[in-house]
Amino acid sequence: MRIIVARVHARATVARRSWDGNILSLWVLEPPARGAANAAVIAAVAQWLQVPRREVRLRSGRSGHIKLIEVDANIKLPSPDAAGS
């Protein structure tokens with residue numbers, strides 16, 4: 001299991017991500033209402049790590065910008081990237 005710290009920017013104009021090796025910054029298009037942004041975060045992390053969505057969940061931070069994300073899969077985190085993707 002892995003824990004990832006994420007900084008989420010909801011209602012972004014362009015979806016993107018940046019990983020510095022410690023914090024994953026995510027820009028999601030969805031608003032923070034009714035869990036839409038949280039669902040987008042789970043989907044984005046699952047896609048980034050190439051694991052099923054069911055293996056990704058929010059451990060804490062449901063209503064905040066900083067979230068702890070738990071990944072059940074035993075994965076190796078990607079190398080840091082300054083440019084994002």
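Select the buried residues of helix α1 and then what covers them: the cover includes β1 (2–9), β2 (16–19), β3 (23–27), β4 (56–60) and β5 (66–71). Keep in mind throughout that this is a predicted model.

**The helix**

Now select α1 itself, residues 36–49. Its 14 residues reach 20 Å from the first C-alpha to the last, close to the 20 Å expected at 1.5 Å a residue. Colour A37, N38, A40, V41, A43, A44, V45, A46, W48 and L49, which are buried. Ten of the 14 residues are thus buried, so α1 is largely enclosed by the rest of the structure. Step off the end of the helix to Q50, just after α1, where phi is positive at about 55°.

**The core**

Next, show the largest nonpolar core, a set of 22 residues. Those with the most contacts inside this core are I4, L24, V45, L49, V51, I69 and V71. Two or more residues come from each of β1, β3, α1, β4 and β5. Of these, α1 gives the most, with eight residues.

Centre the view on I69. Leaving aside neighbours within four places in sequence, I69 is in contact with R2, I3, I4, A6, V41, V45, V56, R57, L58 and R59.

**The β4–β5 hairpin**

From I69 in β5, move across to L58, which stands opposite. The strands β4 and β5 run antiparallel and are joined by four bridges. They form a hairpin with five residues between them, and in the turn G61 has a positive phi of about 95°.

**The charged network**

Finally, display the charged side chains of this region. The whole structure holds three salt bridges.

- Select R57 and E70: their side chains meet in a salt bridge at 2.7 Å, N to O. R57 is in strand β4 and E70 in strand β5, so this pair ties together parts 13 residues apart in sequence. R57 is partly exposed, with a relative accessible area of 34%, whereas E70 is buried, at 10%.
- Add D72, whose side chain meets that of R57 in a salt bridge at 2.9 Å, N to O. D72 lies in the segment after β5 and R57 in strand β4, so the pair links parts 15 residues apart in sequence. D72 counts as partly exposed, at 36% relative accessibility.
- Add R59, which forms a salt bridge with E70 at 3.8 Å, N to O. E70 lies in strand β5 and R59 in strand β4, so the parts tied together are eleven residues apart in sequence. R59 counts as exposed, at 51% relative accessibility.

With all four selected, R57, R59, E70 and D72 appear as one network, joined by salt bridges that share partners.

Notes. Residues are numbered from 1 along each chain as its sequence is written. This is a predicted model: local features need pLDDT of at least 70, side-chain atom pairs count only at pLDDT 80 or more; totals for chains, interfaces and linings use all residues. Side-chain values use heavy atoms; hydrogens and water are left out. The expected span of a helix is 1.5 Å times one less than its number of residues. Buried means under 20% relative accessible area, exposed over 50%, partly exposed in between (1.4 Å probe, protein chains only). Contact means heavy atoms within 4.5 Å. A nonpolar core is a set of buried Ala, Val, Leu, Ile, Met, Phe, Trp, Tyr and Cys residues joined through side-chain atoms within 4.5 Å. Two strands pair if DSSP finds at least two bridges between them.
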